[in-house]
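This report describes selected features of one structure for a first-year reader. Please keep the sequence and the model in view while reading.

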2 protein chains.
Amino acid sequence: MLQNPPRITSTASIVGPKEGKGPLRLFFDNIIEDEMWGEKSWEKAESKLIRETFSKVLQKGNKTSQEIDYVISGDLLNQCIAANFGLRESDVPFFGVYGACSTIAESMSIGAMLVDGGFADNVVCITSSHFCSAEKQFRFPLELGTQRPPSAQWTVTGSGGVLISNDGSGPYITHITTGKIVDMGIKDANNMGAAMAPAAVDTIVTHFKDTGFTPESYDLILTGDLGAIGREICVELTREQGFNIENIYNDCGLMIYDREKQDTHAGGSGCGCAATVFAGFVYKKLMDGTLKNVLFVATGALLSPVSTQQGESIPSIAHAISITTSPER
Amino acid sequence: MLQNPPRITSTASIVGPKEGKGPLRLFFDNIIEDEMWGEKSWEKAESKLIRETFSKVLQKGNKTSQEIDYVISGDLLNQCIAANFGLRESDVPFFGVYGACSTIAESMSIGAMLVDGGFADNVVCITSSHFCSAEKQFRFPLELGTQRPPSAQWTVTGSGGVLISNDGSGPYITHITTGKIVDMGIKDANNMGAAMAPAAVDTIVTHFKDTGFTPESYDLILTGDLGAIGREICVELTREQGFNIENIYNDCGLMIYDREKQDTHAGGSGCGCAATVFAGFVYKKLMDGTLKNVLFVATGALLSPVSTQQGESIPSIAHAISITTSPER
């Protein structure tokens, strides 16, 4: 529980063409026309997503980079190069983080504590993913035309960022529940929703037990990218532990695409999924009063191609952030 | 500046056979006999380094894992699998971080703020690197027998960890200077010391200007792994900015190997370099009173093989931590 809950005073989101045709298209700040965005490689395009999202967060929050005390960022690429290269001109003290698709919630957790603890006045948290660079790195090069199994998810091309401040206006971050690594032995890198769901359940149940909140405390409990299969597991396992979240539960991976028309199988995933859905859609619904209390639980699968090739299972993690428009709730 | 400086109450270090023949061999807790350490791959051996170092930090600090509020960890492998797999049984809230070879200082910076801010009582910070897994991933597979240029550094096989607490005994962390990404356009992945030196200089000079400390405030200013070439650049560029650190300056990469007898060219590097030299050697010298005031500046090269293949330069970063035996200095 934060003593002086910081506020989320600005957000920005930029997405790819496919995300720009999905149900949330009206909520994003910018939709790029093609996956290269004028760059020479997918990786450089992903760095540009981070760089431009950072600029837009500052612009929408009326801040200059000199007013930002920390930027906290990470992504899915090897050695987090989207963040490292995207922010190299930012001239702001930088913490690189890696929590796979949970990265936006990890960075917001650290950012909120740095502001609450008085170490910073303004922190920007930002992540990205890119369908083409992620497929190339984690699964198969796109040129192979490999068939995707129905349990596979579609990595979101996009970047989302938030500005966390000790003044200004916007919803408050009041509680943080940091996840532990959970590994239930699932080894199928094409079924990450199932691998990540137990981590989400562990964090959600821990959050309820630690804070005394219940599902009724929230209008929305939002996981990162469990997709269709992970969603069912999450609802069921949470119910087994005595909490029924079904009526107020949704998943960013199920919201960002029209699954029937867009052929994304089990739904969206990637660091950019939770980040753009939160920064684009959820934040605006908090600002216009449609949502009042949100538990944002981004989830991450902590695998690599090397660990999968060596026969390893998929350790997972989920970080929860409790966000409200009235901290006296 | 931390208001209630936390203490480093325990450290542990485990190194590989080559490091175990170097000048600091008597200061490490454990020297493994071969690079596989009974595992089936170098990556699994590196995970074991993290896992066993975590156990040893707790054991030496008389703590159980239930008493640890956070573990903050990262490494050089793709998607940080040494940390993710090494700590998956820890059952402790986990933040993954990535700062290349600066990771130990990044994790200690965040850990110190979490303790100082009252968010945690005990935090473990831990990193690793492994010569064989790093060469395979960043340069060439060892089986190729590729000749190394004289400017190349030797990735340390080892893991170092520290316990940061709000009580107990041990030296204090009083100030943190978080680095910005610095990119001077150097593109040679075999000369990372030169790429990282300007980042170290930026952080050291910023530290002096922010805090009012001078080189005379310290017995030792210790960079992470600039090696022989980076060392010269660091001393020279710092002098140009008005601070002469030459007499109290050293570099972990120059301390861990006997360069004449061990054929490591420009010196050691890797997340495990600064971590084991600090946890093994420097901490013991602080505890026995030989050292009183240390500025620990771990440095990281934020590249990946993909960025190098795409012709990119090497963005770098350095994080500084001011450590003292008497916080009233």
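How many residues does the largest nonpolar core have, and which residues have the most contacts inside it? The model is predicted, so that local features need pLDDT of at least 70 and side-chain atom pairs count only at pLDDT 80 or more, while totals for chains, interfaces and linings use all residues. Residues are numbered from 1 along each chain as its sequence is written, chains are lettered from A in the order in which they are written, and side-chain values use heavy atoms, without hydrogens and water.

**Nonpolar cores**

The largest nonpolar core has 102 residues, and Met108(A) and Met108(B) have the most contacts inside it. A nonpolar core is a set of buried Ala, Val, Leu, Ile, Met, Phe, Trp, Tyr and Cys residues joined through side-chain atoms within 4.5 Å. Buried means under 20% relative accessible area, exposed over 50%, and partly exposed in between (1.4 Å probe, protein chains only). Apart from this core lies another, of 59 residues, which includes Val92(A) and Val71(B).

Contact means heavy atoms within 4.5 Å. Not counting residues up to four places away in sequence, Met108(A) touches several residues, among them Ile8(A), Cys125(A), Phe278(A) and Ile321(A).

**Covered elements of chain B**

Helices (H or I, at least four residues) and strands (E, at least two) are DSSP runs, numbered from the N terminus. Two elements of chain B are mostly covered, as the table shows.

| Element | Residues | Buried residues |
|---|---|---|
| Helix 4 of chain B | 131–138 | 7 of 8 residues |
| Strand 8 of chain B | 172–177 | 6 of 6 residues |

The buried residues of helix 4 of chain B include Phe131(B), Glu135(B) and Phe138(B). Their cover includes helix 1 (42–60) and strand 5 (122–129) of chain B. Strand 8 of chain B runs antiparallel to strand 13 (residues 316–324) of chain B, and 5 bridges join the two. In this pairing, His175(B) stands opposite Ser322(B).

**Helices of chain A**

Where does Ala82(A) have its place? Ala82(A) lies in helix 2 (residues 81–86) of chain A. Ala82(A) counts as buried because its relative accessibility is 0%. Leaving aside neighbours within four places in sequence, Ala82(A) is in contact with residues including Glu46(A), Asp75(A) and Ser128(A).

In helix 5 of chain A, residues including Ala197(A) and Val201(A) meet residues of helix 6 of chain A, including Ile233(A) and Leu237(A).

Conventions: Pairing = 2+ DSSP bridges.
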